[in-house]
Amino acid sequence: GVTRAGHAAIVDSVMAGYRALLDFLRDEYLPAARDEIGASCLPNGKAFYEHRVRQFTTLDVNPQRVHEIGLAEVGRIREEMRAIVGGLGFQGSLAEFVEGLRADQRFYVETPEELLQHVALILKRMDGELPTLFGKLPRMPYGIRQTPAHSAPRSTTAYYFLPSGDGTRAGFYYVNTYDLKSRPLYDYEALSLHEAVPGHHLQLALQMELDVADFRRFGGVTAFIEGWALYAERLGLGRGFYEDVYSDFGRLTFEMWRACRLVVDTGMHYLGWTRQRAIDYMAENTALKLLKITNEVDRYISWPGQALAYKMGEIKIRELRALAERELGPAFDVRAFHDTLLESGGVPLAVLEAKVRRWLSERTGARSQARQ
């Protein structure tokens, strides 16, 4: 009886509601929608997008500057990719190199268990490196699970799920084992460091332990949270990760994807780019498949400015680290720096910068007093 009632509720109510929504979108909404894709075409559109940029990056920066930063990052990453390809003696284009990688069967496994074992080994190795990078680690552990079968065909390659607020459930790194022939192994060092440790799990599990208001424990600022996870990918450099050049190339493909967002989001919403121009730019510069690129571009169209948060956050954290290394010189302690970044949870980047500068002032002041 309960099953029949549930089935009837879905068919007669939920599905009927979706059909009504589809009819509205097709018959009323789309015919009345504007042809232009950019936010700047709206009334006061340029000012609106400028506000979106400030809101999502949490920085006082304008769209033109973000676009320029994106172009510079794309150029830098492209040169690093070319250096790897050249070092392997490959004579073709980057696109041809990526196509060859995708077709090379040595980068794929046959069973879900093999993929999960590969991921587990990466993260167990990183677990051992964490005390060299952080003075404080979260009490809450993380586990690795397969993406549920019912959602795997439409889900991302991997994602992170927060621990429970009451401390009874660990954080989990979900790995998609559907369609293993689309899951090259060279992607998983960067992906795992981003989603688990030292990326999302480490930062968010520490945040859950803070004695702060719930909106800060369970919420956060995308520019900080995603910026940290992107920065965390780089923390594998020099610590036994990315020593395989294909894995390092995989890391760069992820970074390139986020850098291209700066260019195409501002291009479409501020500089008059067409949807096709954005798709072509992504196709020319990333290793993403065309369907993924199209879905990404449509996401940027519908959510002006949000995709800027990731790379702008990572760039700000890298800038702050460079500042700390420059000011502290031999006294720079990466563990203390990282603890300072993470001790307040996800905060706006302007707040983070003020916090780091205050920490630097205290450290340099203490050193000056010690010399007197």
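## Basis of the description

A residue is called buried when its relative accessible area is under 20%, exposed when it is over 50%, and partly exposed in between, with a 1.4 Å probe applied to protein chains only. The model is predicted, so local features need pLDDT of at least 70 and side-chain atom pairs count only at pLDDT 80 or more, while totals for chains, interfaces and linings use all residues. Residues are numbered from 1 along each chain as its sequence is written, and side-chain values use heavy atoms, with hydrogens and water left out.

## Ile84 and the main core

Ile84 has a relative accessible area of 12% and is therefore buried; this residue lies in helix α3 (residues 63–87), where helices (H or I, at least four residues) and strands (E, at least two) are DSSP runs numbered from the N terminus. Although Ile84 and Val245 are 161 residues apart in sequence, their C-alpha atoms are 6.8 Å apart in space. Neighbours within four places in sequence aside, Ile84 is in contact (heavy atoms within 4.5 Å) with Val245, Asp248, Phe249 and Leu252.

A nonpolar core is a set of buried Ala, Val, Leu, Ile, Met, Phe, Trp, Tyr and Cys residues joined through side-chain atoms within 4.5 Å. The largest one here has 101 residues, and Tyr173, Trp228, Phe249 and Phe337 have the most contacts inside it. Helix α10 (residues 245–270) supplies the largest share of this core, 13 residues. A second, separate core of five residues includes Met140, Phe172, Tyr174 and Ala205.

## Helix α9

Of the 13 residues in α9, 11 are buried, so that the helix is mostly covered; among the buried ones are Glu226, Trp228 and Glu233. The expected span of a helix is 1.5 Å times one less than its number of residues, which for α9 (residues 222–234) gives 18 Å, in agreement with the 19 Å between its end C-alpha atoms.

## Strands β2 and β3

Strand β2 (residues 158–161) has Ala158 and Tyr160 on a covered face and Tyr159 and Phe161 on an uncovered one. Strands pair if DSSP finds at least two bridges between them; β2 and β3 run antiparallel and are joined by four bridges, with Tyr174 in β3 as the bridge partner of Tyr159.

## A buried arginine

Arg183 lies in the loop between β3 (171–175) and α6 (188–195). Arg183 is buried yet has no salt bridge, that is, no side-chain nitrogen of Lys or Arg within 4 Å of a carboxyl oxygen of Asp or Glu. The nearest side chain of opposite charge, Asp179, is 5.8 Å away, with Lys and Arg counted as positive, Asp and Glu as negative, and His and the chain ends not counted. Beyond four places in sequence, the contacts of Arg183 include Phe107, Tyr108 and Asn176.
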